[in-house]
Amino acid sequence: MSFCDLAVAGVAQLQPYVPGKPIEELERQFGITNAIKLASNENPLGPSQAALKAITEASKDISLYPDGNGFKLKSALAKKFNLAAEQITLGNGSNDVLEMLVRAFVNPGDEVVFSEHAFAVYPIATQAVGGKGVVTKAANYGHDLNAMHDAVTAKTKLLFIANPNNPTGTYLPLADIRAFLDKIPERVIVVLDEAYVEYNDESESSVSWLVDYPNLVITRTFSKAYGLAGLRVGYAMSHPEVADLLNRVRQPFNVNILALNAALATLDDQDYLQQTRAVNEAGMQQLTQGFRAMGLNYIPSRGNFISVDVKTNGVETYEALLAEGVIVRPVANYGLPRHLRVSIGLEAENQRFLDALATVLGINS
Ligand SMILES: *Cc1c(COP(=O)(O)O)cnc(C)c1O
């Protein structure tokens with residue numbers, strides 16, 4: 001007997017998500033120190049001082065269950081985005097709300113539409129519940145909204161758009177997404193995954209569309225620009241009825257006490273966010289200049305990472321970089337076998353990566 005035969009069909013065939021390699025693991029493997037990791041789109045500044053202070057204060061309460069309803073954080077988010085608290089669902093990372101969406105809406109055999117080169121969690125979550133992933137061809141590495149519209153059938157339950165997308169960093173103008181929403185039937189839930197929204201001009205925002213499109217769900221996270229990846233907190237903004245359904249499948253205490261408090265403390269830390277954006281812009285320039293100097297093409301990115309075409313096998317290049325103590329992300333599993341995705345780091349980290357890349361590619365720069 002194999003336990004695999006006992007598992008539900010979707011799970012038996014699932015390829016698990018491959019995370020970035022932890023620094024400690026690399027240092028153990030190669031017996032080196034001073035490795036750097038530019039592989040998981042984390043904030044290179046570390047957490048904000050406000051988050052650290054909030055964690056210290058909240059730590060005396062960790063013998064207690066957290067507020068399962070996340071009242072304070074939801075209230076703060078509702079105020080910030082001019083929504084009702086009933087429109088917000090908190091998650092253990094936004095990954096958690098993405099899974100709740102699939103569990104709440106997708107029956108075995110239902111279709112879920114997403115793009116080629118899009119975030120790996122969409123196919124994994126879909127397959128786990130026996131849903132059928134419908135993958136549309138990318139246009140210039142980004143989402144092709146016409147193709148996505150054409151892929152919608154009577155069986156479509158959910159559609160994922162990542163904007164900016166990970167791992168390509170491609171970005172759709174908000175006007176295009178809004179025009180797309182006009183054409184999608186209301187019975188299809190459209191999930192707009194905005195994990196990297198804070199790196200972009202927030203003067204125009206998709207949040208105001210929730211009034212006009214009850215089938216729109218916007219997901220965001222504290223893992224990237226807010227620097228709290230290790231605490232796991234994200235959220236969805238939606239129609240209150242959708243939020244109610246998500247809450248039915250949500251674990252009662254899915255966001256821990258330290259995460260709730262740190263997120264609340266960082267939410268309006270404008271200085272930290274500004275510094276985050278400044279470091280990201282400078283690093284993006286440094287890397288793109290470095291790539292151009294090496295004659296390498298890259299996909300212009302609106303996130304805190306960039307994917308570069310190394311003109312040879314990406315996984316082998318990734319492995320050669322590991323030996324140099326530099327962890328980046330191969331993206332062959334995203335259909336990009338010659339690209340590497342690198343997270344924007346601090347200036348010295350970016351330089352170390354560029355130098356190591358030149359070395360392993362045999363480029364004199
Ligand atoms: C990182 C990321 C997320 C989720 O991250 P969490 O840490 O689970 O909040 C979601 N979508 C995209 C596109 C991402 O890159």
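The following conversation goes through a predicted model and asks how its descriptions follow from computed values.

User: What should I know about the numbering and the cut-offs used for this model?

Analyst: Residues are numbered from 1 along each chain as its sequence is written, and side-chain values use heavy atoms, with hydrogens and water left out. Because the model is predicted, local features need pLDDT of at least 70 and side-chain atom pairs count only at pLDDT 80 or more, while totals for chains, interfaces and linings use all residues.

User: What makes the radius of gyration of the protein chain agree with that of a compact globule?

Analyst: The radius of gyration is taken over C-alpha atoms, and the globule rule is 2.2 Å times the number of residues to the power 0.38. For 365 residues a compact globule would have a value near 21 Å, and the protein chain has 21 Å, so the two agree. The C-alpha trace spans about 60 × 55 × 50 Å along its principal axes.

User: Why is Asn-304 called buried?

Analyst: Buried means under 20% relative accessible area, exposed means over 50%, and partly exposed lies in between (1.4 Å probe, protein chains only). Asn-304 has 1% relative accessibility, and therefore counts as buried. Of the 365 residues of the protein chain, 51% count as buried.

User: How do you know that the side chain of Asn-304 makes a polar contact with the side chain of Tyr-199?

Analyst: A polar contact is a pair of N or O atoms within 3.5 Å; within protein, one must be able to donate a hydrogen and the other to accept it, and residues adjacent in sequence count only if both atoms are side-chain atoms. The distance from the side chain of Asn-304 to that of Tyr-199 is 3.2 Å, and the side chain of Asn-304 also reaches the backbone oxygen of Asn-41 at 2.9 Å.

User: Why is His-117 described as buried, and Arg-232 as partly exposed?

Analyst: His-117 has a relative accessible area of 9%, so this residue is buried, whereas Arg-232 has 28% and is therefore partly exposed. His-117 has a positive phi of about 60° although it is not a glycine, and Arg-232 has a positive phi of about 65°, although it is not a glycine either.

User: What makes the ligand a partner of Ser-94, Thr-221 and Ser-223?

Analyst: An oxygen atom of the ligand is 2.7 Å from a polar backbone atom of Ser-94. A polar side-chain atom of Thr-221 lies 2.5 Å from a ligand oxygen atom, and a polar side-chain atom of Ser-223 also lies 2.5 Å from an oxygen atom of the ligand. Taken alone the ligand exposes 380 Å², and the protein buries 94% of that (accessible areas come from the Shrake-Rupley method with a 1.4 Å probe; for residues, only the protein chains shown count as cover).

User: Which residues have the most contacts inside the largest nonpolar core?

Analyst: A nonpolar core is a set of buried Ala, Val, Leu, Ile, Met, Phe, Trp, Tyr and Cys residues joined through side-chain atoms within 4.5 Å. The largest one has 51 residues, and those with the most contacts inside it are Leu-77, Leu-159, Ile-161, Phe-222 and Met-237. Leaving aside neighbours within four places in sequence, Met-237 is in contact (heavy atoms within 4.5 Å) with residues including Phe-81, Leu-83 and Ile-218.
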